[in-house]
Amino acid sequence: MIEQLATLAPGPFHWLSLTVLLFAIGIYGILTRRNAVGILMAVELALNSGAMNFVVFNKYVAPSAVDGQIMAIFVIAIAAAEVVVGMAIFVTLFGHRRTVDVTRMDQITDAAGTN
Amino acid sequence: MISQATETLLFYLFATVSVGLALATVLSQRILRAAVYLMGVLVTSAAFYILLGAEFLAGVQILVYVGGIVILLVYAVMLTRSSELLEDHPSFVRKGVAFVAASAFFALATGVFSATRIGTAGDGHAPAAVADTTLEIGRRLLDQGATGYVIPFEIISLLLLSVLIGGSVIARRSLAKAEETK
Amino acid sequence: MEHELGFALRNAWLILAIPFFSFLVVGLFIRPRAPKLAGIVATLAVFASAGFAYALAVEYLSLGGHDGWKTIVPWSFEWLRFQEHLAVHIGVIVDPISVLLMVVVTTVSSLVHLYSLGYMHGEAGFGRYFTWLNLFTFSMLALVTAPNILQMYVAWELVGASSFCLIGYYFEKPSAVEASKKAFIVTRFADLGFLLGVLILGYFGYQIASEAGGSAQAFDFLFLTNPEVMGKFSALGAGLFGIPLLTLALLLVYMGGAGKSAMFPLHIWLPDAMEGPTPVSALIHAATMVVAGVYLVARLFPLFATSGDALLVVAYIGAFTSVFAAVIACTQDDIKRVLAYSTLSQLGYMMFALGVASFEHPLGYTASMFHLFTHAFFKALLFLGAGSVIHAVHSNEIWKMGGLKAKMPVTHATFAIATLAIAGIWPFAGFFSKDEILAAALGSGHTGIFTLGLMVAGLTAFYMSRIYFVTFWGKAKTEHASHAHESPWIMLIPLVILAVLSIGAGFVPFGEFVRFGAAHGEAHGINPMIAAAGTLAGVLGIGFAWLLYRDGLAERSGVIARALGGGYRLIRNKFYFDELYLFVTHKIIFRLVAAPIAWFDRHVVDGGVNLSGWSARVFGSAVSYLQTGQVQTYGSWFVGGAVLLLFSLWMLRA
């Protein structure tokens, strides 16, 4: 049983399949969520899986270095920055339009939302 | 042997939990619950990092992602009153299109992965893994040499600073405008 | 003999520049503020250009010309360049006929300007009138000084446009509007032929010019009338319907000339053009613009003579118009219409004089220009005199005048002089030029045309005496006529000057200046036989008119009119030509040609346009569904594109 389990230990293919599955779920969320904050969450999901990819490759391709992990740290930092800016924008948007429904934001102008 | 078996077990366990939570994140009608599910996904990701031997990264993941980003998202949800204003019902067509696009991507990516031999260096005779990854990360991040990351590190810190300022400016402006309209 | 060119020749551009800038200044700056001043400035400017034209003439004549006068182009600049040998210049050509026309145009124009100051006094559009008059003078000068056929064409159209504005001067009067439209459309229609002719000449001229090389320009008159070039032109062979190309081109060009000079059957616009103010009729429709056609034929005379057939057409149409118009003139009651038909008749005279000329017998060329010269003066005088009468009587109808001999002595005297001049009585100007035309017709062997010319001379004397007697003799027939007063001096001065010119112009040794080829002896003397015949015709005409109209009444002539019956009505209604045109245009062209074209335009052409617009709109709105503004739709496209791209990269790598 244990031996069997040991032979089934996840290789790079499994790891990558997992991250890509998470990424695909993130894409699905980006494309379907109507709430802008929901989209932001889906983006975080995708980013997270992307960061995980770096670590996976770090382990299986270049275990003697830590470059993949450093990249993951950078990705996390950028994700944090992105969320901050995104949140500021959404709050502003909400102040203008009283909504953050992206399906209703199809105008470049501010016509629909001013007062 | 035993560790490999454990790794297998943990991998599939966490993978199941992670995918389930991810699906819940994107499918949940309630945005605040979605935030909580996202937090779960991120926590399982930290577990994956530990499985992958990146303990420091797991700590960062918990600290920054779970402790910072998700909290920010929750704030965003609250400030935009998304939870009470929006019952999230995407249109059927959009769901279909998104599903096709996402699954096509997934199928393609896994197809590529299965067709590609990824150079697995961890077969024993490869160079040994770094013993203390945390120390190594710290060293590399502050290394000014050819392989060092000090310049990207500084740039990231500048980015974070500008985001800090920019975010507050953007949000402030909307508040000022709201004051005016009152 | 190489002369240093004098001031006027060196600055020949002034002949165009003076009236043009006067037009601009008067039209744009002075007219809106001070109409009176506008008239005075315009008049002074034209007097200045007249003075300049005289200076130019004197300088040119002092260059001497015992072996024919040289043609010089003292000033020109390149305006449009199509090809190496197909450039259009704006310039001033100086040769005997252009000098002649410059003098005539500026003289008559300046006198008409002066006269108009009195005649148009108190009219609403005083400043506008002088603006257009200035523009007309400029255009006409640009026409006569054109060194190439394209400048002539441009000026030709400008002349037509300003004529349109002046005929329609009383634009609140529907008949004036109709007349101006008619004049413009008829001449414009004729100009279509002119343009086609220019294009043919330009096309083949360009080929010949590029073969010749050098600096030859296809449009230049100097090039076109070069004997070598003309030989090449006549060697071009048949064009359309077996007509030689040169003849075809010239006939088309002549069509334009016939339109402007109101040759049959394009004559219908000129009598109607009398709706314009009388000085305009004097300037444009008697002395200057209408002779543009004659001038054009004279300018291209060597080409016409080379073709031969084209010149014959000119001769026969001219002779026919001459008789035709003279017959109509005998029956009209409107004094200006009589003068208009008289103008037609005299233009026909000039045309057939050109037509009978040839390389062997070039006398007609001189005679035609001579008649143009003298006619300009006495016909302008007749019109201005008629204007003076109309000014006093407030009517154009000769049967509402009468008995003005004593009341308007100066007008009467000058009108009488002009009548005698046009009737061809010695020593008035018309005698000399008519005599020369008749001599040319006989001398070149066109006996038929000579006979017609003699007949027209008699008819001319008759109808002119008719309006003279009815207007000035007998008793006043209306209230207005009995209270008529002499016109103000500002109108009389031009009359007197023109009367002097009408007497004196005949004594100018014209054959010395304007001739084709080397000096020819026959131009000098007067053939006593022809002179006697011409004078006899004139005296007969006058005598017959005296018999019928000496008391200014219509009784005796009415008997003849009744005796002629239908023939009289036919003539009086101008052979129903206007009706025929109306029938052709309204019933045939409008209904059978224009209406289907309009239908085609409305349904097929517009439909096609609408279809293209509609399809663009449908396509646009179909595509616009892609531009929803929905970020997630864009995102779907983006992901789909990325997947496809990755897939294709993978496939390509495999």
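1. Let me start with the interior. The largest nonpolar core in this predicted model holds 228 residues, and the members with the most contacts inside it are Ile15(C), Val297(C), Leu354(C) and Ala380(C). Its largest share comes from α17(C), which supplies 19 residues. A second, separate core numbers 81 residues, with Val84(A), Tyr37(B), Val41(B) and Ala76(B) among them.

2. Leu354(C) is a good place to look at the packing in detail. Leaving aside residues up to four places away in sequence, Leu354(C) touches Val294(C), Val297(C), Ala298(C) and Phe301(C), as well as Val314(C), Gly364(C), Tyr365(C) and Ser368(C). Of these, Val297(C) is also named among the residues with the most contacts inside the largest core.

3. Next, have a look at helix α18 of chain C, which covers residues 409-423. From first C-alpha to last, its 15 residues reach 21 Å, close to the 21 Å expected at 1.5 Å a residue. Just after the helix comes Gly424(C), with a positive phi near 85 degrees.

4. How much of α18(C) is buried? The helix is mostly covered, with eleven of its 15 residues buried. In the earlier part of the helix these are Thr411(C), His412(C), Thr414(C) and Phe415(C), and they are joined by Ile417(C), Ala418(C), Thr419(C), Leu420(C), Ala421(C), Ile422(C) and Ala423(C). Their packing partners in chain C are α16 (335-356), α17 (363-393), α19 (429-443), α20 (447-472), α22 (489-504) and α24 (528-549). One of these partners, α17(C), is the helix that gives the largest share of the 228-residue core.

5. Chain C also has a strand pair that deserves a moment. Strand β1 (residues 72-83) and β2(C) run antiparallel to each other over eight bridges, and a hairpin of two residues joins them. Across the pair, Phe77(C) stands opposite Ile90(C) in β2(C). Strand β2 itself (residues 86-94) is largely enclosed by the rest of the structure, because seven of its nine residues are buried.

6. Turning to chain B, you will find seven helices and zero strands, so to speak a plain α-α-α-α-α-α-α order from the N terminus on. Of the 182 residues in chain B, 26% are buried. Among contacts in chain B with a separation of 6 or more, 49% link residues 24 or more positions apart.

7. Which chain B elements meet chain A? In this interface, 90 residues of chain B are in contact with 70 residues of chain A. Two or more residues on the chain B side come from each of α1 (2-27), α2 (31-51), α3 (55-79), α4 (82-85), α5 (92-115), α6 (133-141) and α7 (150-181). By class, that side has 61 nonpolar, 21 polar and eight charged residues. The second core, too, includes residues of both chains, such as Val84(A) and Tyr37(B).

8. Chain B also meets chain C, through eight residues from chain C and eight residues from chain B. On the chain C side of this contact there are five nonpolar and three polar residues, and no charged ones.

9. A last point, on confidence in chain A. The chain averages a pLDDT of 84, and 92% of the residues score at least 70. Within chain A, helix α1 (residues 2-7) has the lowest confidence, at a mean of 78, while helix α2 (residues 12-32) has the highest, at 91.

How values were computed. Residues are numbered from 1 along each chain as its sequence is written. Chains are lettered from A and ligands numbered from 1 in the order in which they are written. This is a predicted model: local features need pLDDT of at least 70, side-chain atom pairs count only at pLDDT 80 or more; totals for chains, interfaces and linings use all residues. Two residues are in contact if their C-beta atoms, placed from the backbone, lie within 7 Å. Ala, Val, Leu, Ile, Met, Phe, Trp, Tyr, Cys and Pro count as nonpolar, Asp, Glu, Lys and Arg as charged, and the others, Gly among them, as polar. Helices (H or I, at least four residues) and strands (E, at least two) are DSSP runs, numbered from the N terminus. The expected span of a helix is 1.5 Å times one less than its number of residues. A residue is buried if 20 or more other C-beta atoms lie within 10 Å of its own, exposed if 12 or fewer, and partly exposed in between; C-beta atoms are placed from the backbone. Two strands pair if DSSP finds at least two bridges between them. pLDDT is the predictor's confidence in each residue, from 0 to 100. A nonpolar core is a set of buried Ala, Val, Leu, Ile, Met, Phe, Trp, Tyr and Cys residues joined through C-beta atoms within 7 Å.
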